[in-house]
Amino acid sequence: MSRLSIIPKLKRRKILDAIASGRRMDGRGLEEYREISVRRGVVEKAEGSAEARIGDTWVVAGVKIEIGEPFEDTPDEGILVCSADFAPVASPTFEPGPPDEASIELARVVDRGIRSSDALGLKDLCLIPGRKVYVVYIDLCILNHAGNLLDAASLAAVAALMEAKKPIYEVRDGKVYPTGEVEPLKLRRLPIAVSMAKIGDVIVLDPTFDEEEVMDTRITVTVDEEGNVCAVQKSGPQGLSVEEIWKAIEIAVNKAPKLREKLEAAL
Amino acid sequence: MSEEKWRRVDGRAWNELRPIKIESGVLPNADGSAYIEMGRNKIIVAVYGPREMHPKHLAKPDMAVLRCRYHMSPFSTHPRRSPGPSRRDTEIGMVMRYALEPAIFLERFPRASIDVYAEVLQADGGTRCASITAAAVALVDAGIPMRDLVAACAAGKIEGHIILDLNDHEDKYGEADVPVAYMPRLNKVTLLQMDGVLSPDELRRCIELAIEGCQHIYELQREALKRKYEEVVEEVKGDE
């Protein structure tokens with residue numbers, strides 16, 4: 001990190017100059033996403049899976065569904081577990097090892113959008129209160145890091161949940177028996193994460209890897225289909241003015257429906 | 001029900017903070033420290049540094065590295081929590097760092113580290129904000145040059161009401177929680193998170209309300225710091 005820190009400083013000048021002209025290094029406008037694609041059903045052994053690409057950023061999400069015991073404080077709710085692996089295949093900056101804070105944050109912010117909007121309807125995922133509930137695992141695998149992992153991971157996670165099927169169990173005498181049948185999870189909401197970077201005095205949508213390296217801070221706003229906000233995360237070493245926050249919320253609320261179309265159109 | 005009549009579980013008005021007590025310089029070994037009680041939250045924060053960075057390869061040639069560790073003691077919650085670091089602790093340590101970093105002149109201490117350790121002794125909702133508030137006081141107590149203090153508190157929504165400074169019950173059963181940290185002099189938000197569901201307008205109102213709360217907490221931080229030095233003056237006078 002320290003040896004590299006001189007390069008981002010030089011880069012920051014170029015990036016700021018480009019932004020000042022209203023066009024970014026890759027020719028995009030300030031509030032423009034890169035090309036987005038979402039494809040479902042990429043891993044047959046998962047109960048649900050999907051890949052999302054935003055420019056060269058590429059994330060695969062897999063959903064596995066098992067039976068487990070509920071948490072003590074939510075005996076009648078299913079369990080959602082979201083985790084992320086920053087595999088070393090994805091970037092020269094990723095190293096093998098236990099999850100670092102960036103991967104923990106990514107998984108927790110994706111989780112927050114899905115959990116806050118109650119997209120899964122966790123109360124519907126209870127089989128025997130206090131004893132048996134469904135456990136829905138979302139595992140995010142980053143395959144290529146070209147910036148804005150969060151929006152891609154969130155798209156992949158929700159797309160994987162959209163096609164996920166849960167095994168049906170029969171409850172008899174306080175026990176659960178697999179029936180061999182499956183049924184869709186039925187998502188109630190499609191939360192969409194929209195991330196922006198503050199670079200200098202400008203907010204840019206969907207930052208690239210280079211932009212993230214030089215940004216002052218990032219702000220992610222997750223929006224449901226009614227235009228309500230269901231997660232916010234400011235992440236980065238500089239502050240934001242309230243005007244910048246209002247602007248970020250507005251951009252997110254405006255952009256989310258377009259990303260949701262991509263999700264719904266995904267095959 | 002009118003906004004004036006409606007009362008919260010603990011009897012507070014919608015825009016009322018919990019009682020707050022801040023003390024600075026409470027740990028003899030630390031370079032700086034602070035203790036905060038915010039309602040039933042009890043948190044102690046130590047600052048060590050600026051000091052030589054270990055491991056050395058993490059040092060930055062042009063500035064100090066701020067490291068924050070947030071930790072909840074096993075007896076701070078019910079049920080007991082495992083003493084090891086959780087994923088939540090890791091994320092909170094990170095957002096604490098982002099909340100405090102803009103306030104510190106890190107460029108004055110190249111190659112050094114400044115370590116902030118927050119130890120939650122009792123948790124009752126809003127521990128990340130109380131930790132940030134105390135950490136800012138501890139940083140000043142350590143004599144580290146700062147651009148501003150950082151004050152933090154949350155706003156949120158319960159039963160349709162926008163409220164300030166959620167306690168544990170309101171955090172669990174409410175509709176949304178928006179923790180905010182704010183530098184009052186520089187007018188910058190340095191921590192912003194949200195979970196739950198809010199309309200964009202409600203989110204704006206929550207952030208504005210939280211900032212008002214932060215401004216009040218800022219005064220309490222200043223008083224805590226002044227009090228410490230008044231005590232020193234008294235001691236010196238007594239010795240003469």
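This is a conversation about how terms such as buried, salt bridge and paired strand apply to a predicted model.

Student: Let's start with burial. Why is A:Thr57 called buried?

Tutor: The cut-off for buried is under 20% relative accessible area. A:Thr57 has 0% relative accessibility, so A:Thr57 counts as buried. As for its place in the fold, A:Thr57 lies in strand E3 (residues 57–68) of chain A.

Student: What is A:Thr57 in contact with, leaving aside its neighbours within four places in sequence?

Tutor: The list includes A:Arg34, A:Ala52, A:Asn144, A:His145 and A:Ala146. For A:Ala146 there is a distance too: its backbone nitrogen lies 2.9 Å from a polar atom of the A:Thr57 side chain.

Student: On to charges. What makes B:Asp124 and B:Arg40 a salt bridge?

Tutor: The rule asks for a Lys or Arg side-chain nitrogen within 4 Å of a carboxyl oxygen of Asp or Glu. Here the closest N and O atoms are 3.7 Å apart, so the pair meets the rule.

Student: Why can one say that this pair ties together parts that are apart in sequence?

Tutor: B:Asp124 lies in the loop between strand E5 (112–122) and helix H2 (127–141) of chain B, and B:Arg40 in the loop between strand E2 (32–38) and strand E3 (41–52), so the parts tied together are 84 residues apart in sequence.

Student: Which of these words fits each partner: buried or exposed?

Tutor: B:Asp124, with a relative accessible area of 11%, is under 20% and therefore buried. B:Arg40 has 56%, which is over 50%, so B:Arg40 is exposed.

Student: And how do you know that B:Asp115 and B:Arg67 meet in a salt bridge?

Tutor: Their N to O distance is 2.8 Å, and the limit is 4 Å, so the pair qualifies. This pair also links distant parts of the chain, with B:Asp115 in strand E5 of chain B and B:Arg67 in strand E4 (residues 65–72), 48 residues apart. B:Asp115 is buried because its relative accessibility is 1%, while B:Arg67 at 27% falls between the cut-offs of 20% and 50% and so counts as partly exposed.

Student: Which residues do salt bridges that share partners join into one network?

Tutor: The network consists of B:Arg8, B:Asp10, B:Arg12, B:Arg18, B:Asp165 and B:Glu170. One of its salt bridges joins B:Arg12 to B:Asp10, with the closest N and O atoms 3.0 Å apart.

Student: Now the interface. What makes A:Arg108 and B:Glu91 a salt bridge?

Tutor: The closest N and O atoms are 2.4 Å apart, which is within 4 Å, so the rule is met. Across the interface of chain B and chain A the rule finds 3 salt bridges. The area buried between the two chains is about 3,100 Å², with 59% from carbon and sulfur atoms. B:Glu91 appears here as well: together with B:Arg87 and B:Leu192, B:Glu91 supplies 19% of the area that chain B buries against chain A, more than any other three residues.

Student: How do you know that strand E12 (residues 229–235) of chain A pairs with E9(B)?

Tutor: Pairing needs at least two bridges. These strands have 4 and run antiparallel, so they count as paired. One position to look at is A:Val229, which stands opposite B:Leu198.

Student: What makes E7(A) and E8(A) a pair?

Tutor: 7 bridges join these antiparallel strands, and at least two are required, so they pair. They form a hairpin with 2 residues between them, and A:Asp173 in the turn has a positive phi of about 50 degrees.

Key:
Residues are numbered from 1 along each chain as its sequence is written. Chains are lettered from A and ligands numbered from 1 in the order in which they are written. This is a predicted model: local features need pLDDT of at least 70, side-chain atom pairs count only at pLDDT 80 or more; totals for chains, interfaces and linings use all residues. Side-chain values use heavy atoms; hydrogens and water are left out. Buried area is the accessible area (1.4 Å probe) that two parts lose on being put together, summed over both. Buried means under 20% relative accessible area, exposed over 50%, partly exposed in between (1.4 Å probe, protein chains only). A polar contact is a pair of N or O atoms within 3.5 Å; within protein, one must be able to donate a hydrogen and the other to accept it, and residues adjacent in sequence count only if both atoms are side-chain atoms. Contact means heavy atoms within 4.5 Å.
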